[in-house]
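User: Please take a close look at one part of this predicted model, the salt bridge inside a helix, and then set it beside the other salt bridges and the enclosed and open spaces.

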Amino acid sequence: MHSRRPKSRLKMSSALVAAASAVVLLAGCTSAPAEGGGGSAGSEDGKFVIGFQQPLGGQAWREMGLASLQALANSPEYVDKVELKIVRTDDNDAAQQNAAMQNLIADGVDLILFDPASSSGADPAIAQATAQGIPVIANGGPYESDDVYTVSTDWASAGTIGAEWLLENLTTNKDVAVLEGLAGVPLNEGSMPGVIDALEAGGASVVAQDTNGWNEATAQESMANILRSNPDIGGVYSFLTGGQGVAEAYKAAGIPFVPTVGGSGYNGEACALVEYGPEGYTGNMIFGQPSIYAKGLEQAVKLLEGEDIEREQLFPPLEITTENAADYCLEDRPANFQLGYDFPGLDLKLEDVMEYYSGS
């Protein structure tokens with residue numbers, strides 16, 4: 001069901017704790033081992049004990065990823081196979097992540113999934129896990145290690161898809177503004193140089209740069225600042241967030257919309273395209289499904305059951321455009337509701353995922 005954009009436009013999700021019967025969910029502290037069942041290889045009831053380490057706890061994308069992960073773990077197909085131990089740390093801190101992973105190893109997990117906080121900061125934990133025969137899967141972003149499996153969105157592709165779309169939709173004005181994501185995070189650092197190269201190779205001139213901080217409020221503020229000195233740019237590229245914030249900045253400034261690339265996957269991005277489309281707003285919101293976490297769990301179980309899985313699995317991002325935005329805009333969800341709860345091939349229903357979602 002589709003309608004106008006929700007009124008709570010730029011409110012970010014709060015960091016709450018979701019729990020499930022088959023899940024031990026711990027937040028913040030990494031100075032002590034994870035608590036809960038599974039102190040040795042395999043839990044007492046014969047389930048695989050799988051640790052998941054997630055940095056930047058509280059962010060809507062990651063909260064939806066955790067909800068999808070828990071929903072799959074508690075589905076009929078997996079509930080008798082899997083026990084999860086989830087540890088969240090704050091501020092994308094690589095040292096905290098490494099310590100948390102070492103605690104999971106000490107707690108006796110059979111496998112570790114982690115969303116990398118950096119490209120190499122978990123090396124000590126990975127070396128320890130490898131020495132003990134514990135598989136490690138980078139789940140959500142890239143990681144530079146031959147000892148790690150990868151189950152992730154193809155983030156580099158997400159970057160170039162957006163750049164190519166913007167180039168195709170620019171008019172004679174080739175001046176563009178670029179908002180990068182969160183500095184220091186591997187998928188941002190690995191993707192942005194290629195984005196800039198693609199834009200410039202295609203004839204665009206990057207005349208202004210800033211960050212969106214991977215939230216729409218920051219994207220709006222940064223874009224508003226850029227427009228004060230560059231009101232005549234021809235397009236905007238905002239990496240993995242910004243389709244709503246950029247539109248709001250243009251609306252507030254009274255400047256005609258320009259083609260915009262975003263990609264938080266927030267409901268507000270889809271609904272901004274629906275609301276402002278009649279006024280000339282066009283865009284491509286390119287994002288990876290947070291339910292890639294659930295895909296990681298599926299692959300983890302296959303590996304623990306003795307199947308061979310591909311060492312590197314990269315999946316194409318989703319694209320929400322002016323043409324299909326009405327299929328995604330949800331009138332009964334707030335602007336910061338995270339889309340992408342399901343994943344091709346997995347039986348994930350919204351009502352089941354929402355049992356574990358701690359966002360808005």
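Analyst: Glutamate 298 counts as buried, because its relative accessibility of 10% falls under the 20% cut-off. The model is a predicted one. The partner of glutamate 298 is lysine 295, and the closest N and O atoms of this salt bridge are 2.8 Å apart. Lysine 295 is buried too, with a relative accessible area of 12%. Both residues belong to helix α9, where they are 3 residues apart, about one turn of the helix. This salt bridge therefore joins two buried side chains, lysine 295 at 12% and glutamate 298 at 10%.

The structure holds 7 salt bridges. Another of them links glutamate 305 to lysine 81, with the closest N and O atoms 3.1 Å apart. Glutamate 305 sits in the loop between α9 (292–304) and β12 (312–315), while lysine 81 sits in the loop between α1 (60–73) and β3 (82–88), so this pair ties together parts that are 224 residues apart in sequence. Glutamate 305 is partly exposed, its relative accessible area being 40%. Lysine 81 is also partly exposed, at 28%.

A further salt bridge pairs aspartate 347 with lysine 349, at 2.9 Å from N to O. Aspartate 347 has a relative accessible area of 58% and is exposed, because the cut-off for that class is over 50%. Lysine 349, at 38%, is partly exposed.

Aspartate 347 leads on to the open space. The largest pocket has a volume of about 260 Å³. Its lining consists of 16 residues, and those closest to the pocket centre are Ala71, Leu72, Ser75, Pro76 and Asp347. Asp347 thus has two roles in this description: it lies among the residues closest to the centre of the largest pocket, and its side chain meets that of lysine 349 in a salt bridge. By class, the pocket lining divides into 7 nonpolar, 3 polar and 6 charged residues.

The enclosed space is a separate matter. A search of the whole structure finds 1 cavity of 30 Å³ or more. The largest cavity contains about 190 Å³ of space. Lining this cavity are 16 residues, with Gln59, Trp61, Trp155, Trp214 and Leu240 nearest its centre. The cavity lining has 7 nonpolar, 7 polar and 2 charged residues.

Note on methods:
Residues numbered from 1 in each chain as written. Predicted model: local features only at pLDDT ≥ 70, side-chain atom pairs only at ≥ 80, totals over all residues. Heavy atoms only, no water. 1 Å grid on protein atoms, 1.4 Å probe; cavity = no way out; pocket = protein on both sides within 12 Å on 5 of 7 lines; lining within 4 Å. Points joined across faces, edges and corners; volume = space filled by probe spheres on them. Nonpolar A, V, L, I, M, F, W, Y, C, P; charged D, E, K, R; others polar. Salt bridge = Lys/Arg side-chain N within 4 Å of Asp/Glu carboxyl O. Helix = DSSP H or I, 4+ residues; strand = E, 2+ residues; numbered from the N terminus. Buried < 20%, exposed > 50% of the residue type's maximum accessible area, 1.4 Å probe, protein only.
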